[in-house]
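Biologist: Please take a close look at the empty space inside this protein. I would also like to know how the residues and elements around it are placed.

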Amino acid sequence: MSPSLRHRLCRGSFLVAAFVFAFLTAAPLLHAGDDSDEYDNYKVRGDLFWFYSSPSGSFQGSDSTDRIDLQHDLGFGNYSTFTGVLDWHFTHKNHLTFTYSPFQQSRNAVLNRTVTYQGQTYQVGAAVRANLRADLYAPGYQYDIIRRQRGHLGVGVQIDLFNAKASLSAHAQVTGGGNFQPSAYGSASLLAPIPVAGPEYRFYITNSPRLFVEGNVYGMYLFGYGNFVSTTNDLGFTINKHLSVNAGYSLGSRLVVNNQAATRIGLRLTQQGAVVGLEGSF
């Protein structure tokens, strides 16, 4: 296991332990009551967050060990996207959830080194266009281990389905170094289901439903196939019974290594940044 992977797993384990400890410390403050007394009482909830992401990572084709860095080789930068979450609270302690988060970026860049991707060689100084898509679809289930008037602590499981595709192209040209770059195009894709699990919580800070903190940590290590570690935490302010505004921070570290087939892509992708959004509960 690489040092960077061990660091991510240790960081994820620490966050899980910290959230569980913090919630159990606050548990005596949670007053028992019937369902109608709970501040977090709803049947259907939807969250829509604006996500200002700072992506980093790399991708590689099936026939090469050459990793193409998103920032250093291609100049990928910060961008705006969104994350949507739908939660069906179908019994007192059981939820079905669905999360969607798109990642789609295109960049024109001049290579500062020679790279190889899907059997094509791109010379140093060549003007290339890179397209990367790595959309996330995540159906899931959550069970609330503790549910009281002022909050809950639950555990969730998801299937994080990554629909990824990366392409790199260049027109015939003479590079700045005087080398000839013929037309070249390489493309690869990956549809990877990764099961993840972890704690999820919400705690109302005051003795009213006005102000709350919430968050989650999900992760799984799948040996040579891939891994996923992510956490999102935010502070929410309740406007009325059905609407709240939320702001916080999200960090998702994704690694998929599965480039055995001729059309498969190996992908490392980390996204992190601020999130701001609205939540509707009914």
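**The largest cavity and its setting**

Modeller: The largest cavity has a volume of about 740 Å³. Please keep in mind that the model is predicted. A search of the whole structure turns up one cavity of 30 Å³ or more. As to how such a space is found, rolling a probe the size of a water molecule over the atoms shows where empty space is left.

The lining of the largest cavity consists of 37 residues, and those nearest its centre are Val85, Thr99, Asn216, Tyr218 and Thr232. By class, this lining has 16 polar, eleven nonpolar and ten charged residues. Strand β15 gives the largest share of the cavity lining, with six residues.

Strand β15 also takes us to an open site. It runs from 226 to 240 and is among the elements that give two or more residues to the lining of the largest pocket; the others are β13 (184-204), β16 (243-256) and β17 (266-281). The volume of this pocket is about 310 Å³. Of its 18 lining residues, Tyr39, Asn41, Asn240, Lys241 and Ser281 lie nearest the centre. The pocket lining divides into seven nonpolar, six polar and five charged residues.

From the pocket we can follow β17 to Glu279, which is found in that strand. Glu279 has a relative accessible area of 3% and therefore counts as buried, the limit being under 20%. Its side chain makes a polar contact of 2.8 Å with the side chain of Arg202. Beyond residues up to four places away in sequence, Glu279 touches a set of residues that includes Arg45, Asp47, Phe212, Glu214, His242 and Asn246, as well as Arg202.

A second acidic residue, Asp66, sits in a loop, between β2 (56-60) and β3 (68-69). Asp66 is buried because its relative accessible area is 18%, and the limit is under 20%. The side chain of Asp66 is joined to that of Arg113 by a polar contact of 3.1 Å. Another polar atom pair involves the backbone: the nitrogen of Thr116 lies 3.1 Å from a polar atom of the Asp66 side chain. With neighbours within four places in sequence left aside, Asp66 is in contact with Phe59, Gln60, Arg113, Thr114, Val115 and Thr116. Asp66 and Thr114 are 48 residues apart in sequence, and their C-alpha atoms are 9.9 Å apart in space.

A little further along the chain, Gln118 occupies the loop between β7 (115-117) and β8 (120-122). The phi of Gln118 is positive, about 50°, although this residue is not a glycine. At 15% relative accessibility, Gln118 is also under the cut-off, so it counts as buried.

As for the protein that surrounds these sites, it has 17 strands and one helix. Of its 282 residues, 46% count as buried. Among contacts with a separation of 6 or more, 67% are between residues 24 or more positions apart. The accessible surface comes to about 13000 Å², with 62% of it belonging to carbon and sulfur atoms.

Methods. Residues numbered from 1 in each chain as written. Predicted model: local features only at pLDDT ≥ 70, side-chain atom pairs only at ≥ 80, totals over all residues. Heavy atoms only, no water. 1 Å grid on protein atoms, 1.4 Å probe; cavity = no way out; pocket = protein on both sides within 12 Å on 5 of 7 lines; lining within 4 Å. Points joined across faces, edges and corners; volume = space filled by probe spheres on them. Helix = DSSP H or I, 4+ residues; strand = E, 2+ residues; numbered from the N terminus. Nonpolar A, V, L, I, M, F, W, Y, C, P; charged D, E, K, R; others polar. Buried < 20%, exposed > 50% of the residue type's maximum accessible area, 1.4 Å probe, protein only. Contact = heavy atoms within 4.5 Å. Polar contact = N/O pair within 3.5 Å; in protein donor to acceptor, adjacent residues only side chain to side chain. Areas by Shrake-Rupley, 256 points an atom, 1.4 Å probe, with all protein chains shown as cover.
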